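Subject: Model for you to look at

Hello,

Here is the model we talked about. Please look it over alongside the notes that follow.

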Amino acid sequence: MKYQAPRGTYDILPEDIKKWHYIENIIRKLTSLYNYSEVRTPIFEQLDLFQRSVGEDTDIVEKEMYTFEDKKGRNLALRPEGTASIARMVAERNLQSSKKEPLRLWYEGPMFRYSRPQKGRHRQFYQFGVECIGSPKPIVDAEIIAIGWQILQEAKVPDVSLEINSVGCPDCRDKYNILLKNFLYKDRDKYCEDCQRRMEQNPLRVFDCKNNICRHLIVNAPRMLDNLCEECAQHFKEVKKNLEMMNVPFTVNPEIVRGLDYYTKTAFEYKINYLGAQDALGGGGRYDGLIEYLGGKQIPAVGLSMGLERIILSLEKSGFSFPEEDNLEVFIIPIGAEALQASIDMMQELHKADISAVVADENSSIGNNLKLCDKNNVSFAVLIGGNELKSGLYVVKNIKKKSQSEVIKEEVINFIKTNEGVA
Ligand code: HAM
């Protein structure tokens with residue numbers, strides 16, 4: 001029986017890990033510059049947490065959740081995203097007090113959505129996110145949007161555009177929902193079944209529908225952006241002003257409603273147009289009501305997440321060459337079993353000096369072991385056999401330079417250090 005990784009999942013192989021490290025290093029650098037602290041939350045949570053926060057009528061909760069019962073009959077779900085867990089953690093541990101600076105958190109890890117796998121869409125995928133908790137100020141929305149923008153710029157992802165919108169607060173959205181419902185009801189029967197149901201429960205979700213007929217029908221629908229209350233309109237104006245001050249270019253797209261229910265006011269997406277249907281590299285927005293809704297204090301918050309696979313795919317498509325990572329420095333070749341102890345000692349000395357080294361198979365021929373050095377891009381080989389043990393002089397080969405020296409055993413580390421990088 002030959003096993004395969006489950007559909008929609010994949011392995012990250014040694015030759016690909018540099019791509020992940022490349023983007024993760026940029027994320028670590030920028031989150032640190034903006035003073036965000038890393039947090040790690042469980043990979044599964046109570047099912048109800050996602051139903052309540054992401055929303056019952058969203059695609060994620062309706063169609064894409066991995067749910068299961070544990071041995072005690074508790075209903076659990078693999079996390080489809082990170083924000084609900086962060087809001088749960090803040091509410092549960094009462095993490096933010098209003099006197100302090102906002103709490104700035106970031107995370108990265110696997111998320112799970114049961115969607116149809118295709119390029120840039122997986123069932124297990126990696127997201128990183130930043131969440132700023134405790135400030136209602138528009139400058140914080142702009143800060144979050146700028147972090148995502150800077151990460152994509154620093155990573156050199158080509159042709160990204162930033163689209164922003166406001167989805168209002170519960171007050172103006174309730175009034176707008178009546179307007180929208182009236183509009184949708186005019187052609188009620190022409191919409192798909194999902195949309196007809198959404199019209200009743202959450203009419204804004206109709207903007208999420210991918211069905212071409214529904215998309216066509218809503219072209220002239222009233223927009224949230226034209227129906228914001230004064231406070232939300234002012235907030236949006238200031239977010240735009242702050243983004244301009246930060247030199248972050250954006251366009252306003254009134255159709256950005258996001259596929260999750262917890263948003264209030266600002267909503268945004270980073271878009272590309274060369275990955276087919278997977279046109280969002282990331283997105284986010286403000287969620288001022290979520291923490292309270294999950295049993296915490298009334299704490300405003302704003303955040304964003306990005307899919308790492310899509311960032312890597314964008315870079316691959318543009319022909320970007322990811323920085324190489326360090327190769328094995330030293331291959332120690334024992335010539336026969338009698339040299340094994342000395343070879344192990346040499347390896348341990350090299351490790352103490354922070355030089356990567358492994359011991360080769362003592363039963364393999366010298367020729368074969370030297371071939372492995374070429375194949376694995378090793379810098380040095382140290383050969384130890386009966387003669388070397390007697391004389392205390394080890395043979396050190398500089399593989400790239402194709403040169404060879406006899407070096408006193410105690411001097412091998414110094415020799416390698418001074419010849420490092422000499423090709
Ligand atoms: P989201 O838009 O659902 O937002 O996901 C953010 C990003 O995760 C997407 O733009 C995409 O890059 C990636 N992503 C989503 N689903 C998949 C998938 N099946 N395969 C590969 N990548 C995927 C959120 O998750 C919110 N938590 C964002 C947020 C943070 N809002 C406030 N704070």
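How do the residues of the shell around the ligand divide into nonpolar, polar and charged? There are eight nonpolar, twelve polar and six charged residues in that shell. The classes put Ala, Val, Leu, Ile, Met, Phe, Trp, Tyr, Cys and Pro under nonpolar, Asp, Glu, Lys and Arg under charged, and the others, Gly among them, under polar.

Some ground rules before the rest. This is a predicted model, in which local features need pLDDT of at least 70 and side-chain atom pairs count only at pLDDT 80 or more, while totals for chains, interfaces and linings use all residues. Residues are numbered from 1 along each chain as its sequence is written, and side-chain values use heavy atoms, with hydrogens and water left out.

Ligand site

The ligand is surrounded by 26 residues (a heavy atom within 4 Å of it). The closest are E81, T83, H122, E131 and Y263. Three polar contacts (pairs of N or O atoms within 3.5 Å) are worth listing:

- Y263: an N or O atom of the side chain is 2.6 Å from a nitrogen atom of the ligand.
- R113: a polar side-chain atom is 2.9 Å from an oxygen atom of the ligand.
- A280: a backbone N or O atom is 3.3 Å from an oxygen atom of the ligand.

On its own the ligand has 660 Å² of accessible area, and the protein covers 95% of it (Shrake-Rupley method, 1.4 Å probe). The elements that give two or more residues to the shell are the strands β6 (124–133), β10 (280–286) and β11 (301–307) (DSSP runs of E, at least two residues). The largest share, six residues, comes from β10.

Cavities

The structure holds two cavities of 30 Å³ or more. A cavity is a set of points on a 1 Å grid over the protein atoms alone where a 1.4 Å probe fits but cannot get out, and its lining residues have an atom within 4 Å of a point. A volume is the space filled by probe spheres set on the points.

The largest cavity has a volume of about 40 Å³. It has 13 lining residues, and T83, Y263, G284, G303 and L304 are the closest to its centre. Both β10 and β11 give two or more residues to this lining.

The second largest cavity, of about 30 Å³, is lined by N165, Y176, L204, F207, R223, M224, P254 and V257. That lining has six nonpolar residues, one polar and one charged.

Regards

Terms used:
A polar contact is a pair of N or O atoms within 3.5 Å; within protein, one must be able to donate a hydrogen and the other to accept it, and residues adjacent in sequence count only if both atoms are side-chain atoms. Helices (H or I, at least four residues) and strands (E, at least two) are DSSP runs, numbered from the N terminus. On a 1 Å grid over the protein atoms alone, a cavity is a set of points where a 1.4 Å probe fits but cannot get out, and a pocket is an open set with protein on both sides within 12 Å along at least five of seven lines; lining residues have an atom within 4 Å of a point.
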